[in-house]
Amino acid sequence: MKAVVQRVTQASVSVEGEVISSIGRGLCVLIGIAAQDTAKDADFIIRKLLNLRIFNDDNAVHWKRSLKECKYEVLCISQFTLCSKLKGNKLDFHAAMSPDKAGPFYEEFVKKLCDVYDPNLVKDGKFAAYMQVSLQNDGPVTIDLDSAKQNAVNKQDVE
């Protein structure tokens with residue numbers, strides 16, 4: 001599972017010209033679900049989203065506070081293209097989970113996020129819809145998360 005996390009001052013997602021979700025200060029997260037992803041991958045991404053020290057503290061010291069500590073909003077948007085591979089100049093999407101499985105997986109991801117965080121602060125796009133995402137990146141700060149790398153990260157933490 002991949003997530004591109006952007007610290008934002010505001011973000012919104014529209015479908016067919018209508019804004020369906022919007023947030024103020026917080027994180028805009030593009031979510032890519034790979035064919036082999038499991039609940040463990042979703043849990044890893046959720047834990048990182050909530051605990052990344054990506055915000056300033058009250059004294060404007062950088063990288064001190066998390067989304068959870070600040071009680072900011074999060075906007076999640078499914079994006080299967082994060083799981084693409086290049087074959088020459090052509091995109092190959094075979095590594096992405098099929099839409100019939102990815103839809104319920106994504107919905108469960110958002111539900112889990114709401115279960116462990118304030119559900120009023122969690123917004124999302126519309127799975128499989130053609131969406132327009134608008135945001136004002138704060139910094140800019142963009143972080144790339146990949147649950148496939150979690151074992152390597154955990155191993156480093158122990159050493």
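**Close-up 1. The largest pocket in this predicted model has a volume of about 410 Å³.** Its lining takes in 20 residues, and those closest to the centre are Ser78, Gln79, Phe80, Thr81 and Ala128. Want to trace the walls? Look for β3 (26–32), β4 (73–78), α3 (99–116) and β8 (131–146), the elements that each give two or more residues to the lining. The top contributor is β3, with three residues.

**Close-up 2. Here's the chemistry of the largest pocket's lining, sorted by class.** How many of its residues are nonpolar, polar or charged? Counting through the lining gives 15 nonpolar and five polar residues, and no charged ones.

**Close-up 3. The second largest pocket has a volume of about 150 Å³.** This time 13 residues make up the lining, and Met1, Lys2, Ala34, Gln36 and Ala148 sit closest to the centre. Charged residues do turn up here: the lining splits into five charged, five nonpolar and three polar residues.

**Close-up 4. A nonpolar patch of about 400 Å² sits on the surface.** Four residues build the patch: Phe80, Leu86, Leu91 and Phe93. You've met one of them already, since Phe80 is also among the residues closest to the centre of the largest pocket.

**Close-up 5. Zoom in on leucine 86, a member of that surface patch.** You'll find leucine 86 in strand β5, which covers residues 85–87. Is leucine 86 buried or exposed? Its relative accessibility is 62%, so leucine 86 counts as exposed, because the cut-off for that label is over 50%.

Conventions: Residues numbered from 1 in each chain as written. Predicted model: local features only at pLDDT ≥ 70, side-chain atom pairs only at ≥ 80, totals over all residues. Heavy atoms only, no water. Patch = residues over 30% accessible without salt bridge, like charges linked within 9 Å, V, L, I, M, F, W, Y side chains within 5 Å. Areas by Shrake-Rupley, 256 points an atom, 1.4 Å probe, with all protein chains shown as cover. Salt bridge = Lys/Arg side-chain N within 4 Å of Asp/Glu carboxyl O. Helix = DSSP H or I, 4+ residues; strand = E, 2+ residues; numbered from the N terminus. Buried < 20%, exposed > 50% of the residue type's maximum accessible area, 1.4 Å probe, protein only. 1 Å grid on protein atoms, 1.4 Å probe; cavity = no way out; pocket = protein on both sides within 12 Å on 5 of 7 lines; lining within 4 Å. Points joined across faces, edges and corners; volume = space filled by probe spheres on them. Nonpolar A, V, L, I, M, F, W, Y, C, P; charged D, E, K, R; others polar.
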